[in-house]
Amino acid sequence: MSKVEAFLTKEEEQEIISAIRVAEKNTSGEIRVHIEATSDKDPYERSLEVFYLLKMDNTKDANAVLIYVAVNDQKFVIYGDKGINKVVPKDFWNSTKDVMQSHFKNGNFKQGIVDGILKAGEELQAHFPWQIDDENELSNEISKG
């Protein structure tokens, strides 16, 4: 079993997917999680690449968020699309990153990701509230590399 497959149990993956559904219920924003073992690239550069590979740049309001985790590298990135970055303060994702990091330091990866998703959803809700015509534009499934 690879490190990526061993990183989360099936039950933990389902809890993460449920958290995405909860977070997206009150916002038009889209949240995805991508997990891979390692990358030769800088984590930020790789998260950007994954963002485009998953076609996350195609949302109506450019308000998708990717939580990228490189397991072996012990790195993660929260990447928000340009629609988000246009309207939020520069340190917008720091509180979300801090919540995740505190869990990760204790080896509680699932809870870190879940809390990061829910916090991102709260942050998105303030700037991109759910509208009656909103539809889920991106899969809630965890992608793996």
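This is a guided tour of a predicted model, going from the chain as a whole to selected helices and residues.

**The whole chain**

Start with everything shown as a cartoon. The chain has six helices and four strands. Read from the N terminus, the order of these elements is α-α-β-α-β-β-α-α-α-β. The radius of gyration is 14 Å, close to the 15 Å given by the globule rule for 145 residues, so the chain is as compact as a globular protein of that length. Along the principal axes, the C-alpha atoms fill a box of roughly 45 × 30 × 25 Å.

Colour by burial next: 46% of the 145 residues count as buried. Among contacts in the chain with a separation of 6 or more, 70% are between residues 24 or more positions apart.

**Residues 5-121**

Select residues 5-121. An unreviewed UniProt entry annotates this stretch as "domain: TPM". Here the chain is 51% helix and 17% strand. The C-alpha atoms at the two ends of the stretch are 26 Å apart.

**Ser39 and its surroundings**

Go to Ser39, in the loop between β1 (30-36) and α3. Is Ser39 buried or exposed? With a relative accessible area of 15%, it falls under the 20% cut-off and is buried. Show its neighbours: beyond four places in sequence, Ser39 touches Arg46, Tyr68 and Asp73. Asp73 is 34 residues away along the chain, yet the C-alpha atoms of the pair are separated by 7.7 Å. Then look at Lys41, whose backbone nitrogen lies 3.0 Å from a polar atom of the Ser39 side chain.

**Arg46 in helix α3**

Move on to Arg46, which belongs to helix α3 (residues 43-53). Arg46 counts as buried because its relative accessibility is 14%. Its side chain makes a polar contact with the side chain of Glu49, at 2.4 Å. Leaving out residues up to four places away in sequence, Arg46 touches His34, Glu36, Ser39, Lys41, Leu53 and Tyr68.

**Helix α5**

Select residues 94-105, which form helix α5. This helix has 12 residues and reaches 16 Å from its first C-alpha to its last, close to the 16 Å expected at 1.5 Å a residue. Which residues of α5 are buried? They are Thr96, Met100 and Phe104. These residues cover an arc of only 65° around the axis, which puts them on the same side of α5. Turn the helix so that this side faces you and add the elements that cover it, including β2 (64-70), β3 (75-80) and α6 (109-127).

Following the chain out of α5 leads to Gly107, whose phi is positive, near 75°.

**Helix α6**

The next selection is Asn108, which caps the N-terminal end of α6. A side-chain oxygen of Asn108 lies 3.4 Å from the backbone nitrogen of Gln111.

Now select the whole of α6. Its 19 residues should span 27 Å at 1.5 Å a residue, and the end C-alpha atoms are 27 Å apart, which agrees. The buried residues of α6 include Ile113, Val114, Ile117, Ala120 and Leu124. Lys110 and Glu123 are also buried, as are Gly112, Gly116 and Gly121.

What do the buried residues of α6 pack against? Show α1 (3-7), α2 (10-24) and α4 (82-87), which are among the helices they meet. Add α5 and the strands β1 and β2 to complete the set.

Key: Residues are numbered from 1 along each chain as its sequence is written. This is a predicted model: local features need pLDDT of at least 70, side-chain atom pairs count only at pLDDT 80 or more; totals for chains, interfaces and linings use all residues. Side-chain values use heavy atoms; hydrogens and water are left out. UniProt positions are given in the numbering used here, feature names are shortened, and annotations may be inferred rather than shown by experiment. The expected span of a helix is 1.5 Å times one less than its number of residues. Buried means under 20% relative accessible area, exposed over 50%, partly exposed in between (1.4 Å probe, protein chains only). The arc is that of the directions from the helix axis to the C-beta atoms. Contact means heavy atoms within 4.5 Å. A polar contact is a pair of N or O atoms within 3.5 Å; within protein, one must be able to donate a hydrogen and the other to accept it, and residues adjacent in sequence count only if both atoms are side-chain atoms. The radius of gyration is taken over C-alpha atoms; the globule rule is 2.2 Å times the number of residues to the power 0.38.
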